[in-house]
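Biologist: Let us go through this model in questions and answers. Please keep the replies short.

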Amino acid sequence: MSKVVIIGGGAAGMMAAVSAAGAGHQVRLYEKNEKLGKKIYITGKGRCNLTNACDTEELFDHVVHNGKFLYSSFYAFSNQDMIAFMEENGCPVKIERGNRVFPTSDKSSDVIKAISRRLQALGVEVHLREEVADLTQDSGHITGIILKKGHRPIPADAIIVATGGLSYPSTGSTGDGYVFARKMGHTLTEQSPALVPFVVQELTSVQALQGLSLRNVRVRVLKGEKIRYEAFGEMLFTHFGVSGPVLLSASSYVAKELKKEVLTLAIDLKPAMTKEQLDARILRDFEEAKNRKFKNSLVHLLPSRLIPVIVERSKIVEDKPVNEITREERHRLIALIKDFRLTLVGLRDYSEAIVTQGGISVREIHPGTMESKLVQGLYFAGEVLDLDAVTGGFNLQIAWSTGYLAGMSVSFL
């Protein structure tokens, strides 16, 4: 029976423990926090969007970096396998808009309880408040870990590092796995916050709109006039910029470019209408309100909070009667509604990032086992690797799948 040590009690670490113990190994899991799954508790605003119920093949379309690397992982333990696992371990699930999967109870704690029950049933030794200080190896083969407390050595035939990245550092994601990997000779790709809100230059505009959520908009992130990202969905204005699902996903695609130069966000506020249809709609509204001032004529077209900003940007005098608005002014208003622009100047930091982009280079990891190509018996899983996806449960599925594959692969020692 092999002795397997898992470092990190998050999604990837817990699933690695389930898999390794299920394969008949003696498993010890070390977590420096006071409980398992601390980051899971806060995902999905405490509801835990644990995976996505799309066809398994579609998972790859939602991975931003290194999707091909995940082929073995996703098929070893798919999103459908995760749904079945939850159901079998006493946590029924439901599917919501966008195929997002949540526990029926809407409690992330029930996800952790379900996995914890399985860990207990499999005899996994869980050591909480135990921080790992270092890994040990001999002649290119892993030999164990050194615990921080008392510098106590723990022998191991295999180690699975599942320590997470740098996002939400308050949950214990402080980059420990990067340190271990570097000491073992691994290369790290550049890290940055991902699935994170944007900071914009036009603070006066966004602060006037703070808290306003727009449901059906099309956004484009532009470098000059070249489209770097385009999608349809929901966004939110904040006191510093913009957020919401469609823009969190955008951040993962443009984070590296935004470090080098400012980008432009172009929002189509009425994507269901062509410019001609919007013009006809505005003419109709103006006709019904022909004696009104311009600033009071848009109430049926736009959210009330947005109207003053649109009026100001349109350069149309706010008190001008709508029956005096010229064709040129009207077309300027249409162009603004179809192409409302903000300047993206940066991203918020790791404390607000759902995931970390970058990490341990997957070129140095065997995709079929998650084992290091440099040190035998050393495995990596989850966010510590250079893998990330858009919102919707895909990042947690990466954690479940890579963790499961790593634990399962230890059986080939």
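Modeller: Residues are in contact when their heavy atoms lie within 4.5 Å. Keep in mind that this is a predicted model.

Biologist: Start with the whole chain. What percentage of its residues is buried?

Modeller: The protein chain has twelve helices and 21 strands. Its C-alpha atoms fill a box of roughly 85 × 45 × 35 Å along the principal axes. Buried means under 20% relative accessible area. Of the 413 residues, the buried share is 55%.

Biologist: Take contacts between residues at least 6 apart in sequence. What share joins residues at least 24 apart?

Modeller: The count leaves out pairs less than 6 apart in sequence. Among the contacts that remain in the protein chain, the share joining residues at least 24 apart is 72%.

Biologist: Now helix α6. Which of its residues are buried, and which strands help to cover them?

Modeller: Helix α6 runs over residues 176-183, and D176, G177, Y178, F180 and A181 are its buried residues. The cover over them includes strands β1 (3-7), β8 (132-138), β11 (158-161), β19 (355-357) and β20 (378-380).

Biologist: Which residue just after α6 takes a positive phi?

Modeller: Helix α6 ends at residue 183. Just after α6, a phi of about 95° is taken by G185.

Biologist: Which sheet holds β1, β11 and β20, and in what order do its strands stand?

Modeller: The sheet is open, has five strands and pairs in parallel. β7 (125-128) and β20 are edge strands with a single partner each, so one side of each lacks a neighbour in the sheet. The twist averages 20° from one strand to the next. The order is β7-β2-β1-β11-β20.

Biologist: In β7, what is the bridge partner of Y30?

Modeller: β2 covers residues 26-31 and runs parallel to β7, with four bridges between them. Across this pairing, the partner of Y30 in β7 is H127.

Biologist: What about β8? How many bridges pair β8 with β9?

Modeller: β8 belongs to an open antiparallel sheet of three strands, ordered β8-β9-β10. β8 and β10 (153-155) stand at its edges with one partner strand each, so each has a side without a neighbour in the sheet. Neighbouring strands here are turned by 30° against each other on average, direction ignored. V132 has its bridge partner L147 in β9, and the number of bridges between β8 and β9 is six.

Biologist: Move to the interior. Which residues of the largest nonpolar core touch the most other members?

Modeller: This core has 83 residues. Helix α1 gives the most to this core, with nine residues. Another core lies apart from it, with 46 residues including V217, A231, A250 and L265. In the largest core, those touching the most other members are M86, L135, I145, I159 and W400.

Biologist: Which residues does L135 touch, leaving out those up to four places away in sequence?

Modeller: L135 is one of the core residues that touch the most other members. Its contacts, beyond four places in sequence, are I7, I142, G144, I145, I159, V161, F180, M184 and L378.

Biologist: How does α1 pack on α12? What are the angle and the distance between the axes?

Modeller: A11, A12, M15, A16, S19 and A20 of α1 meet L396, A399, W400, G403, Y404, G407 and M408 of α12. By class, this contact has ten nonpolar, three polar and no charged residues. The crossing is right-handed. The angle is about 35°, and the axes are apart by 7 Å.

Biologist: Is S108 buried or exposed?

Modeller: S108 lies in helix α5, residues 108-121. S108 touches I40, Y41, G46, R47 and C48, leaving out residues up to four places away in sequence. Its relative accessible area is 4%, and the cut-off is under 20%, so S108 is buried.

Biologist: Last, β14. Which residue in the turn between β14 and β15 has a positive phi?

Modeller: β14 (residues 213-223) and β15 (residues 226-237) run antiparallel over nine bridges, and L222 stands opposite I227. Five antiparallel bridges also join β14 to β17, residues 263-268, where R218 stands opposite D268. β14 and β15 form a hairpin with two residues between them. In its turn, the phi of about 70° belongs to G224.

Note on methods
Residues are numbered from 1 along each chain as its sequence is written. This is a predicted model: local features need pLDDT of at least 70, side-chain atom pairs count only at pLDDT 80 or more; totals for chains, interfaces and linings use all residues. Side-chain values use heavy atoms; hydrogens and water are left out. Buried means under 20% relative accessible area, exposed over 50%, partly exposed in between (1.4 Å probe, protein chains only). Axes are lines fitted to C-alpha atoms, for helices over the stretch in contact, and angles run from 0 to 180 degrees between N-to-C directions. A crossing is left-handed if the near helix is turned anticlockwise from the far one by less than a right angle, and right-handed if clockwise. Ala, Val, Leu, Ile, Met, Phe, Trp, Tyr, Cys and Pro count as nonpolar, Asp, Glu, Lys and Arg as charged, and the others, Gly among them, as polar. A nonpolar core is a set of buried Ala, Val, Leu, Ile, Met, Phe, Trp, Tyr and Cys residues joined through side-chain atoms within 4.5 Å. Two strands pair if DSSP finds at least two bridges between them.
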